[in-house]
Amino acid sequence: MSDRLCLQGILFVLYNDIAWQLLPLELGFGSGQTCWRRLDRWQKAGVFDRLHRFLLAELNAAGELDWSRACVDGSHIRAKKGDPTPVDRRKTGSKHHLICDGRGTPLKVIATAANVNDVTQTLALVDGSPPVAGRPGRPRRRPDALLGDKAPTPTATSCVTGGSCPSSPAKERRTSRAWASSVTSSSRPSPCFTTSNASPSAGNAAPNSRTR
């Protein structure tokens, strides 16, 4: 089966959120098992990471990336072999943590257990965003500001502005609580990390798919 047909089968499964074994053979994309094996092989080879960097560079060259701000958020997804979700311990799942630019283009996605707090992944999202070429000068990887939908964190502020960051998740959580307490007693907002009551638009977030 050609790579192009397998890629079409993979996209069909992910877009329609169906099980791999339910991929119709009459479409000519091969079996779901064949497409899944090809997906697994490409993922391990880093094909999709390279494709992501290439597309980001193309968008950056066309001026389609908004570096004035970035949004971070997380969402739960179903997973039969995942961990119990915090909202319903009877159901299992995992969690996607996402950072995207001001126009909703994904820069980095991290998958974790369902009970992992979003704040523990802020550093990994910011630091894990790939360097984006496409314009004269050094490739860019940090936005001017970071937006989130819950308590703001000093970690995000430090990472974006180039300051020091906590060395461990436990220290990050302690400094986050202390910083959140200080800003609640002050009317002056942070110039770097903006919060809102509603979740920011994640744009092209990772598809809600089940890999078997």
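**Note on the predicted model: helix H1, cores, cysteines and rings**

1. Helix H1 has regular length. It covers residues 3-16, and its 14 residues, at 1.5 Å a residue, should span 20 Å; the end C-alpha atoms are 20 Å apart, so the two agree. Bear in mind that this is a predicted model.

2. H1 has a buried side. Its buried residues are Cys6, Gly9, Ile10 and Val13. They sit on the same side of H1, because they cover an arc of only 100° around the axis. The general background is helical repeat: an α-helix has 3.6 residues a turn, so residues three or four places apart point the same way.

3. What do the buried residues of H1 pack against? Their partner is helix H2 (32-44). The face of H1 turned away from the buried side carries Arg4 and Tyr15, both exposed.

4. Check the backbone at the end of this helix. Just after H1, aspartate 17 takes a positive phi of about 55°.

5. The largest nonpolar core has 12 residues in all. Among them are Leu56, Leu65, Trp67, Ile99 and Leu146. Strand S1 (70-84), strand S3 (106-113) and helix H4 (122-128) are the elements that give two or more residues to this core. Another core lies apart from it, with 10 residues, including Ile18, Trp20, Leu23 and Phe29.

6. How many disulfides does a search of the whole structure find? The count is 0. Take cysteine 35: the closest cysteine sulfur, in cysteine 6, is 4.7 Å from its own sulfur, too far for a bond. The cut-off for a disulfide is 2.5 Å. Cysteine 35 has 0% relative accessibility, so it counts as buried.

7. Cysteine 100 is likewise in no disulfide. For cysteine 100, the nearest cysteine sulfur is that of cysteine 71, 4.6 Å away. Cysteine 100 is buried too, with a relative accessible area of 2%.

8. The aromatic pair count over the whole structure is 1. The pair is tryptophan 42 with phenylalanine 48: ring centres 6.2 Å apart, planes at 65°, so the geometry is edge-to-face. Planes over 60 degrees apart earn that label.

9. Are the two rings' residues buried or partly exposed? Tryptophan 42 counts as buried, at 14% relative accessibility. Phenylalanine 48 counts as partly exposed, at 25%. The dividing value is 20%, because buried means under 20% relative accessible area.

Conventions:
Residues numbered from 1 in each chain as written. Predicted model: local features only at pLDDT ≥ 70, side-chain atom pairs only at ≥ 80, totals over all residues. Heavy atoms only, no water. Core = buried A, V, L, I, M, F, W, Y, C linked by side-chain atoms within 4.5 Å. Buried < 20%, exposed > 50% of the residue type's maximum accessible area, 1.4 Å probe, protein only. Helix = DSSP H or I, 4+ residues; strand = E, 2+ residues; numbered from the N terminus. Expected span 1.5 Å × (residues − 1). Arc of directions from axis to C-beta. Contact = heavy atoms within 4.5 Å. Phe/Tyr/Trp six-rings, centres within 6.5 Å; stacked < 30°, edge-to-face > 60°.
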